[in-house]
Amino acid sequence: MKDRITGAKALMRALQAEGVKTIFGYPGGSIMPVYDALFDYTRGEKKCFDHILVRHEQGATHAAEGYARVSGKVGVALVTSGPGVTNTLTGIADAMLDSTPIVVIAGQVPISALGTDAFQEVDLVGVSQPISKWSYQIRHAEDVAWAVSRAFYIARTGRPGPVVLDFAKNAQVEEVDWEVQKVNFIRSYVPYPKLDAEAVRRAAELINNAKKPLALVGQGVELGNAQGELKAFLEKADIPAGRTMLGLSALPSNHPLNVGMLGMHGNYAVNLKEQECDVLIAIGMRFSDRVTGNLKTYAKQAKVIHLDIDHSEIDKNVKTDVAVIADCKESLPAITALLNKNDHQEWRDSFKPLDEMERVKVIEPAIHPKEGPLLMGEVVHAVAEQAPEDAVLVTDVGQNQLFAARYFKYYHKRSICTSGGLGTMGYGMPAAIGATFAAPQRTVCCFMGDGGFQMCIEELGTIMEQQAPVKMIVMNNHYLGNVRQWQDMFWMRRKSFTKMMNPDYEPIAKGYGISYQRVEDRKDLAAAIGKMLTTEGPFILECCIREDDNVLPMTPPGMDIDKMMLEI
């Protein structure tokens with residue numbers, strides 16, 4: 001005999017069927033029946049979920065993103081209607097641009113009140129459709145099991161992304177005969193394109209004949225769990241590889257074929273060599289403008305091979321000679337099987353003089369300054385030197401993000417969590433909370449600037465309540481540093497509203513019961529980092545940074561990628 005239960009309880013069972021363990025949320029009127037049902041599933045014999053009460057709905061989506069990025073599973077956010085769900089839109093858009101699988105479930109007024117401007121009514125499907133993979137309104141309890149299964153299937157398959165479920169209040173209280181529904185096929189949705197053997201053959205032929213091949217490794221390798229396949233591919237053909245910011249941990253920092261980070265603030269040699277290589281192999285990356293610079297001059301000398309699961313990325317920005325449209329976990333080994341064992345030592349050696357130039361002019365002064373205030377690069381480097389090899393880097397957005405990406409070390413997969421496509425300030429702290437629940441055995445180091453730290457500072461309450469062991473490094477230069485750098489470089493040093501008056505963070509930390517230390521002198525830095533990493537639970541390390549510290553190298557926006565500047 002089938003159980004007859006409410007739609008709210010059906011949601012609990014549907015989430016349970018999807019293997020959900022952790023929910024980040026914030027209750028309210030239109031989602032109250034769901035929260036009442038959730039009560040029984042978070043305690044006692046029935047317990048199967050941990051619900052993390054965030055302090056702002058944007059924090060719920062970023063925490064779900066951090067959970068998804070580090071665990072490889074679908075993150076879940078649960079919120080109410082109206083302002084509750086409109087507060088999630090930034091996180092949904094962020095997840096869409098960075099291909100992060102999350103499911104946002106929001107309450108909605110009863111269907112009888114739709115279109116009446118009822119209290120906290122908003123057209124969620126209408127506003128979220130352009131920034132999600134799928135957005136659907138659950139209007140009746142009988143739709144719950146199907147809609148939830150379909151939502152998770154869409155979120156995690158193919159190119160992952162966010163899905164939004166708008167859960168009408170009447171559907172939450174209506175009763176339905178419970179029956180598990182499993183969606184694993186949608187007629188018009190092909191998440192895993194069939195691998196084209198001819199495209200594989202043509203790609204392998206180009207690579208076998210290349211004298212100066214260069215691979216560009218993106219987050220698609222991480223999303224496809226193809227880190228091993230990537231190494232086998234690169235090592236067989238002896239191909240140097242640059243990594244996008246989101247793809248930094250797809251290849252270990254100490255791998256001999258790793259030639260650094262791509263993009264506007266990436267490494268000097270790999271960016272210049274993009275303009276010299278004869279075959280460019282893009283793997284699970286989207287040719288972002290921050291990677292390519294001026295598209296009119298980008299890699300015009302190279303034959304371009306693009307491996308991607310999403311057909312819409314092919315030829316979108318860069319014209320492709322061979323497109324291999326498939327999951328890279330399938331396409332990489334297929335190409336590798338046809339490759340000749342090769343040796344490109346002379347080509348790889350040509351990177352070394354450029355690397356040395358960057359080391360002398362940029363890296364050494366950034367991580368080993370001889371005098372003056374602390375620099376962001378030296379703080380990141382010092383943390384990386386002491387952090388465990390499996391540590392997870394989480395960043396906010398701005399100079400802190402760029403310095404952290406450059407000078408942290410990556411030895412394990414899924415070790416970086418940052419906002420790439422949308423560049424969302426305030427992302428860092430809630431994403432780090434999600435990361436601690438995704439990988440409680442790993443140290444989570446969250447770098448933030450003073451601006452980003454204050455954007456979601458209310459999530460210190462979540463950290464306090466959960467004792468989430470986030471190691472927060474606040475790099476305080478009293479500026480919105482990245483904007484200030486651009487103002488100095490391109491706007492005649494007119495620092496328009498980038499100087500910040502900041503509070504005293506010590507009593508704020510004390511108020512939340514979080515361990516805190518402030519560092520002004522570099523002689524105290526190593527010991528403070530050691531204390532942070534060995535203290536149980538959360539910790540705030542405030543580092544007083546030189547106000548005019550700049551991120552270098554830099555390719556000015558819209559300029560040719562090989563016009564990268566080593567100094568200002």
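Strand E9 (residues 213–217) is mostly covered, with five of its five residues buried; strands (E, at least two residues) and helices (H or I, at least four) are DSSP runs numbered from the N terminus, and buried denotes under 20% relative accessible area, exposed over 50% and partly exposed the range in between, with a 1.4 Å probe and protein chains only. The model is predicted, so that local features need pLDDT of at least 70 and side-chain atom pairs count only at pLDDT 80 or more, whereas totals for chains, interfaces and linings use all residues. Residues are numbered from 1 along each chain as its sequence is written, and side-chain values use heavy atoms, with hydrogens and water left out.

In a regular strand the side chains alternate between the two faces of the sheet. In E9, Pro213, Ala215 and Val217 lie on one side and Leu214 and Leu216 on the other, and both faces are covered. E9 runs parallel to strand E12 (residues 279–283), to which five bridges join it; two strands are taken to pair if DSSP finds at least two bridges between them. Within this pairing, Leu214 has Leu280 of E12 as its bridge partner. E9 is also joined to strand E10 (residues 241–243), again in parallel, by three bridges, and here Val217 is partnered by Arg243.

Leu280 appears again in the largest nonpolar core, which comprises 68 residues; Leu280, Phe287, Phe408, Phe447 and Ile473 are the members that touch the most others. A nonpolar core is defined as a set of buried Ala, Val, Leu, Ile, Met, Phe, Trp, Tyr and Cys residues joined through side-chain atoms within 4.5 Å. Helix H17 (residues 376–386) gives the most to this core, namely six residues. Contact is counted for heavy atoms within 4.5 Å. With residues up to four places away in sequence set aside, Phe447 touches Val379, Val380 and Val383, as well as partners including Leu393, Val394, Phe408, Ile473 and Met475. Another core, of 42 residues, lies apart from the largest one, and its members include Val144, Phe152, Ala155 and Ile186.

Val394, one of the residues touched by Phe447, stands opposite Cys417 in strand E16. The pairing of strand E15 (residues 392–395) with E16 is parallel and extends over two bridges. These strands belong to an open sheet of six, ordered E16-E15-E17-E18-E20-E19, with parallel pairing. E16 (416–417) and E19 (515–519) stand at the edges and each has a single partner strand, so one side of each is left without a neighbour in the sheet. Helix H18 (residues 399–407) is largely enclosed by the rest of the structure, because nine of its nine residues are buried. The buried residues of H18 include the polar-named positions Gln399, Asn400, Gln401 and Arg406 together with Leu402, Phe403 and Tyr407.A further parallel pairing joins strand E2 (residues 22–25) to strand E3 (residues 50–53) over four bridges, and the bridge partner of Phe24 in E3 is Ile52. From E2 the chain passes through helix H2 (residues 32–41) to E3 in a right-handed β-α-β crossover; a crossover is right-handed if, with the strands pointing away from the viewer, the path from the first strand over the helix to the second runs clockwise.

Two polypeptide positions outside these elements were also examined. Lys495 is placed in the loop between helix H22 (481–490) and helix H23 (505–511), and its relative accessibility of 36% means that Lys495 counts as partly exposed. The C-alpha atoms of Lys495 and Gly481 are 10 Å from each other, with these positions 14 residues apart along the chain counted as their separation. Apart from neighbours within four places in sequence, Lys495 is in contact with Tyr479, Arg484, Gln487 and Asp488. Asp560 lies in the segment after strand E20 (539–544) and, at 17% relative accessibility, counts as buried. Its contacts, with neighbours within four places in sequence left aside, are Asn294, Thr297 and Thr555.

For the protein as a whole, the secondary structure comes to 24 helices and 20 strands. The radius of gyration is 24 Å, which agrees with the value near 24 Å that a compact globule of 568 residues would have; the radius is taken over C-alpha atoms, and the globule rule is 2.2 Å times the number of residues to the power 0.38. Along the principal axes, the C-alpha atoms fill a box of roughly 70 × 60 × 45 Å. Buried residues make up 60% of the 568 residues. Of the contacts with a separation of 6 or more, 77% involve residues 24 or more positions apart. The protein exposes about 22,700 Å², of which carbon and sulfur atoms supply 51%; accessible areas come from the Shrake-Rupley method with a 1.4 Å probe, and for residues only the protein chains shown count as cover.
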